[in-house]
Amino acid sequence: MKIGASDVEVGYWIGHPMWGNGYASETLAAFIGFCFDTLYCDTIWGSHFLDNHKSARVMQKCGFKEVCIQNGSENLELGSELPLQILYCHRILIDRNHTCR
């Protein structure tokens, strides 16, 4: 998927021992604020493996909207190709406090 000149892409990985502490949501909220308020980006793109429901929830809580499912992303742990859910967050759709609820 091609992104625009004023767009950015976000990716993150949180180790198992840190799950459930809100670190991903807190970090993504800060990243959103930085992108929109400092870099003046229009859109932030992201993705997660289709079966990664926790990451899906983090992105949805932070205002990301689903775009499409894209095939062919390599999963290094499993050594196979898995489908990705592609999402975006646009500056006019986001809560100006950049909170992830």
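A residue counts as buried when its relative accessible area is under 20%. With that cut-off in hand, here are the close-ups, all taken from a predicted model.

**View 1. The whole chain, for orientation.** The protein chain folds into two helices and four strands. Read from the N terminus, the elements go β-α-β-α-β-β. Of its 101 residues, 36% count as buried. Take the contacts between residues at least 6 apart in sequence, and 63% of them turn out to join residues at least 24 apart.

**View 2. W45 and Y88, an aromatic pair.** Search the whole structure and you get one aromatic pair. The partners are W45 and Y88, and their rings sit 5.8 Å centre to centre with 40 degrees between the planes, so the pair goes down as tilted, the class for planes that are neither under 30 degrees apart nor over 60. W45 belongs to strand β2 and Y88 to strand β4 (residues 80-90), so the pair ties together parts of the chain 43 residues apart in sequence. How accessible is W45? Its relative accessibility is 16%, and because that falls under the 20% cut-off, W45 counts as buried. Y88 has a relative accessible area of 24%, so this partner is partly exposed.

**View 3. The largest nonpolar core.** This core holds 18 residues, and those touching the most other members are L28, I32, F36, I44, C62, F64 and C89. Helices α1 and α2 and strand β4 each put in at least two residues. Which element gives the most? That would be α1, with six residues.

**View 4. Around F64.** Here we zoom in on one of the core residues that touch the most other members. Setting aside neighbours within four places in sequence, F64 is in contact with V10, L28, I32, I44, W45, G46, M59, L87, Y88 and C89. Both partners of the aromatic pair, W45 and Y88, show up in that list of F64 contacts.

**View 5. Helix α1 against helix α2.** Two packed helices are described by the angle between their axes and the distance between the axes. For α1 (residues 23-37) and α2 (residues 53-61), the angle is about 35 degrees and the axes are 10 Å apart. The crossing of α1 past α2 is right-handed. On the α1 side the contact involves A24, S25 and L28, which meet V58, M59 and K61 of α2. Sorted by class, that makes four nonpolar residues, one polar and one charged. L28 also features in the nonpolar core of View 3.

**View 6. F36, tucked into the protein.** F36 is part of helix α1. Its relative accessibility is 1%, so F36 counts as buried. What lies 6.4 Å from F36, C-alpha to C-alpha? The answer is R91, which is 55 residues away from F36 in sequence.

**View 7. Y40, out in a loop.** Y40 sits in the loop between α1 and β2 (43-49). Is Y40 buried or exposed? At 58% relative accessibility, Y40 counts as exposed, because the cut-off for that label is over 50%. Its phi is near 55 degrees, a positive value in a residue other than glycine. Apart from residues up to four places away in sequence, Y40 touches C35 and R91. Between Y40 and S6 there are 7.7 Å in space, C-alpha to C-alpha, though the two are 34 residues apart in sequence.

Methods. Residues are numbered from 1 along each chain as its sequence is written. This is a predicted model: local features need pLDDT of at least 70, side-chain atom pairs count only at pLDDT 80 or more; totals for chains, interfaces and linings use all residues. Side-chain values use heavy atoms; hydrogens and water are left out. Axes are lines fitted to C-alpha atoms, for helices over the stretch in contact, and angles run from 0 to 180 degrees between N-to-C directions. A crossing is left-handed if the near helix is turned anticlockwise from the far one by less than a right angle, and right-handed if clockwise. Contact means heavy atoms within 4.5 Å. Ala, Val, Leu, Ile, Met, Phe, Trp, Tyr, Cys and Pro count as nonpolar, Asp, Glu, Lys and Arg as charged, and the others, Gly among them, as polar. Buried means under 20% relative accessible area, exposed over 50%, partly exposed in between (1.4 Å probe, protein chains only). Rings of Phe, Tyr and Trp (its six-membered ring) pair if their centres lie within 6.5 Å; planes under 30 degrees apart count as stacked, over 60 as edge-to-face and the rest as tilted. A nonpolar core is a set of buried Ala, Val, Leu, Ile, Met, Phe, Trp, Tyr and Cys residues joined through side-chain atoms within 4.5 Å.
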